[in-house]
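Here are my notes from going through this one. Have the viewer open as you read; the points are short.

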Amino acid sequence: MAEEPCSISRTIQRKPRARHRKEVKIHSSPMNCAEGHELVMNRRRYQRYEIDTQLQVTLLGLEQRGTLRGRSLNISEAGIAGVFVTVWDVGAPVCLEFSVRVTSNPVRVGAVVRSRSGYRYGFEFVDLSPEQREIINKTCRTLALLE
């Protein structure tokens with residue numbers, strides 16, 4: 001099955017000096033969705049893997065407000081993404097807790113909010129111990145086999 005090209009088209013209306021409006025159509029160059037995804041993937045340091053587990057976040061610092069629960073979306077060796085109904089600032093330090101199949105105990109790690117788009121957040125792991133790093137790496141290797 002061939003993938004449909006991803007093209008963006010929009011109409012811009014300009015007010016010329018005359019009384020009539022002129023419409024100008026702008027088209028970006030077509031690109032396969034797979035090509036666009038590949039460009040994004042080539043910029044990433046680590047492959048992301050889908051993971052669906054409860055993700056608990058505690059905001060650290062002066063305004064420590066308890067733990068909020070959300071759902072994870074994907075994980076890599078460098079971080080994890082999740083969905084939360086709240087607002088955190090990019091750069092905020094947090095403590096994450098989530099469960100993975102490679103260990104019976106929940107994983108608790110420090111992280112920083114690196115991105116936000118609506119309710120979707122990206123967290124970068126910080127100061128991982130060798131044990132934490134091994135659990136996350138093993139999780140990613142296991143998820144890679146399941147793809």
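Where is the place of aspartate 127? Keep that in mind for point 1, and remember throughout that this is a predicted model.

1. Aspartate 127 sits in the loop that runs between strand 11 (120–126) and helix 2 (130–146). Its phi is near 50°, a positive value in a residue other than glycine, which is what made me stop there. As for its surroundings, aspartate 127 counts as exposed because its relative accessibility is 78%, against a cut-off of over 50%.

2. Now the overall layout. I get 2 helices and 11 strands for the secondary structure. Reading from the N terminus, the order is β-β-β-β-α-β-β-β-β-β-β-β-α, so you can tick the elements off on screen as DSSP runs numbered from that end.

3. Some totals for the protein. There are 147 residues, and 29% of them count as buried. The exposed surface comes to about 10800 Å², with carbon and sulfur atoms supplying 49%. On the contact side, take pairs at least 6 apart in sequence: 50% of those contacts join residues at least 24 apart.

4. Strand 7 (residues 67–75) deserves a closer look, starting with strand 5 (residues 49–50). These two run antiparallel and are joined by 2 bridges. Glutamate 50 has asparagine 74 of strand 7 as its bridge partner.

5. Strand 6 also pairs with strand 7, again antiparallel, through 5 bridges. One of the residues to click on is glutamine 56, whose bridge partner in strand 7 is arginine 69.

6. On to strand 8 (residues 79–83), which pairs with strand 7 in the antiparallel sense over 4 bridges. The link from strand 7 to strand 8 is a hairpin through 3 residues. For a landmark, find serine 72, which stands opposite glycine 82 in strand 8.

7. Back to glutamine 56, which belongs to strand 6 (residues 54–59). Is glutamine 56 buried or exposed? Glutamine 56 is buried, because its relative accessible area is 17% and the cut-off is under 20%. If you skip neighbours within four places in sequence, its contacts are Thr67, Leu68 and Arg69, together with Cys95, Leu96 and Glu97. Arg69 in that set is the strand 7 bridge partner from point 5.

8. If you only have time for two residues, I'd pick these: aspartate 127, exposed at 78% relative accessibility, and glutamine 56, buried at 17% relative accessible area.

How values were computed. Residues numbered from 1 in each chain as written. Predicted model: local features only at pLDDT ≥ 70, side-chain atom pairs only at ≥ 80, totals over all residues. Heavy atoms only, no water. Buried < 20%, exposed > 50% of the residue type's maximum accessible area, 1.4 Å probe, protein only. Contact = heavy atoms within 4.5 Å. Areas by Shrake-Rupley, 256 points an atom, 1.4 Å probe, with all protein chains shown as cover. Pairing = 2+ DSSP bridges.
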